[in-house]
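Trainee: Got a minute to go through this one with me? I have the sequence and the model open.

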Amino acid sequence: MERAEIIDPGFSTADSEFPNINMDEGDLVLKFKDWQEVQREVFFSDVVAFKWQMIETFIEGEEYDRSHLITDSSWLTEHLKQGEVGAQEEYKHYKFNFNGNGQLEVISNGFTVKM
C-alpha cells in the first residue's frame, strides 16, 4: 500500500506562489517564490515521469502543504514493470503539495536545490 513519508527538501511549499515547471532533455526545473518571497529553484535530474494537478488528492501520511517521498508507489512500480527504470536504479517518487495551488509529482533519481 502506498504511503507518504514527509521529507525536508530544504525548502517549503506551504503558502508559496504558483510554481513554474519546465522540462528540458530529461531534466525538470521547478521555480517558485516561497511564503517569505524567496525565489526557489529545484533541479530534478533524469526524470522519467512527472505530473501536475490542480486538484488535491492525498494518501496515508500525506499533508496538504508539505513535501513527501511516496513509498510502495504504484506509479513507480508501473515504470519498473514496463522497463523504463531498472530495479537497481535509485529512482524515487516525490510529491510536493503547494496548498491551494496544486500538486507536483516526480519520478527521478534525486534533486538539488539551487541556493
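Trainee: Where does Tyr64 lie?
Mentor: Tyr64 is in the loop between strand 5 and strand 6 (67-71). Keep in mind that this is a predicted model.

Trainee: Is Tyr64 buried, exposed or partly exposed?
Mentor: Tyr64 counts as partly exposed, because its relative accessibility is 46%. The cut-offs are under 20% for buried and over 50% for exposed.

Trainee: Which residues is Tyr64 in contact with, leaving aside neighbours within four places in sequence?
Mentor: Glu56, Phe58, Asn97, Phe98 and Asn99.

Trainee: And how far apart are Tyr64 and Phe43 in space?
Mentor: 22 Å, C-alpha to C-alpha. In sequence they are 21 residues apart.

Trainee: OK, sheets. What is the strand order in the one with 5 strands?
Mentor: The order is 1-6-7-8-5. That sheet is open, and its pairing is antiparallel. Strand 1 (3-7) and strand 5 (49-53) are the edges, each pairing on one side only. On average, neighbouring strands here are turned by 25 degrees against each other, direction ignored.

Trainee: How many bridges join strand 5 to strand 8?
Mentor: 5, and the two strands run antiparallel. Strand 8 covers residues 102-108. Lys51 stands opposite Glu105 there, and Phe50 has Val106 as its bridge partner.

Trainee: What about strand 7 and strand 8, how many bridges?
Mentor: 7 bridges, again antiparallel. One bridge pair is Lys92 with Ser108 in strand 8. The hairpin of these strands has 3 residues between them. Gly100 takes a positive phi in that hairpin, near 85 degrees.

Trainee: How many residues of strand 8 are buried?
Mentor: 7 of its 7. Both faces are covered. Gly102, Leu104, Val106 and Ser108 are on one side, with Gln103, Glu105 and Ile107 on the other.

Trainee: Let's pick Leu104. Why does it count as buried?
Mentor: Because the relative accessible area of Leu104 is 0%, and the cut-off for buried is under 20%.

Trainee: What is Leu104 in contact with, beyond four places in sequence?
Mentor: Its contacts include Ile21, Leu28, Leu30, Trp52, Tyr94 and Phe96. Leu104 and Trp52 are 52 residues apart along the chain, yet their C-alpha atoms are separated by 4.6 Å.

Trainee: Now helix 1. What does it lie across?
Mentor: Helix 1 (residues 74-81) lies across strand 5, strand 7 (92-98) and strand 8. The helix runs at about 35 degrees to strand 8.

Trainee: Which residues of helix 1 are buried?
Mentor: Trp75, Leu76 and His79. They are on the same side of the helix, because they cover an arc of only 100 degrees around the axis. These buried residues pack against strand 5, strand 7 and strand 8.

Trainee: What sits over the ring of Trp75?
Mentor: The charged end of Lys51, 4.7 Å from the ring centre. Lys51 is also the residue opposite Glu105 in strand 8.

Trainee: Switching to aromatics. How many aromatic pairs are there in the whole structure?
Mentor: A search finds 10. Tyr94 and Phe96 form a stacked one, 6.4 Å centre to centre with 25 degrees between the planes. Both of those residues are buried.

Trainee: Which residues do ring pairs link into a cluster?
Mentor: Phe11, Phe18, Phe32, Phe44, Trp52, Tyr94, Phe96, Phe98 and Phe111.

Trainee: Back to sheets. What is the order in the one with 4 strands?
Mentor: 2-3-4-9, open and antiparallel. The edges are strand 2 (20-24) and strand 9 (111-114), each pairing on one side only. Neighbouring strands in this sheet are turned by 20 degrees on average, direction ignored.

Trainee: How many bridges join strand 3 to strand 4?
Mentor: 6 bridges join strand 3 (residues 27-33) to strand 4 (residues 39-44). Leu28 stands opposite Phe44 in strand 4.

Trainee: Last one, Pro19. Buried or exposed?
Mentor: Pro19 counts as buried, because its relative accessibility is 7%. Its place is in the loop between strand 1 and strand 2. Not counting residues up to four places away in sequence, Pro19 touches Leu30, Lys31, Phe32, Trp52 and Phe98.

Terms used. Residues numbered from 1 in each chain as written. Predicted model: local features only at pLDDT ≥ 70, side-chain atom pairs only at ≥ 80, totals over all residues. Heavy atoms only, no water. Pairing = 2+ DSSP bridges. Axes fitted to C-alpha atoms, helices over the stretch in contact; angles between N-to-C directions. Contact = heavy atoms within 4.5 Å. Buried < 20%, exposed > 50% of the residue type's maximum accessible area, 1.4 Å probe, protein only. Phe/Tyr/Trp six-rings, centres within 6.5 Å; stacked < 30°, edge-to-face > 60°. Lys NZ or Arg CZ within 6 Å of the ring centre and 35° of its normal. Arc of directions from axis to C-beta.
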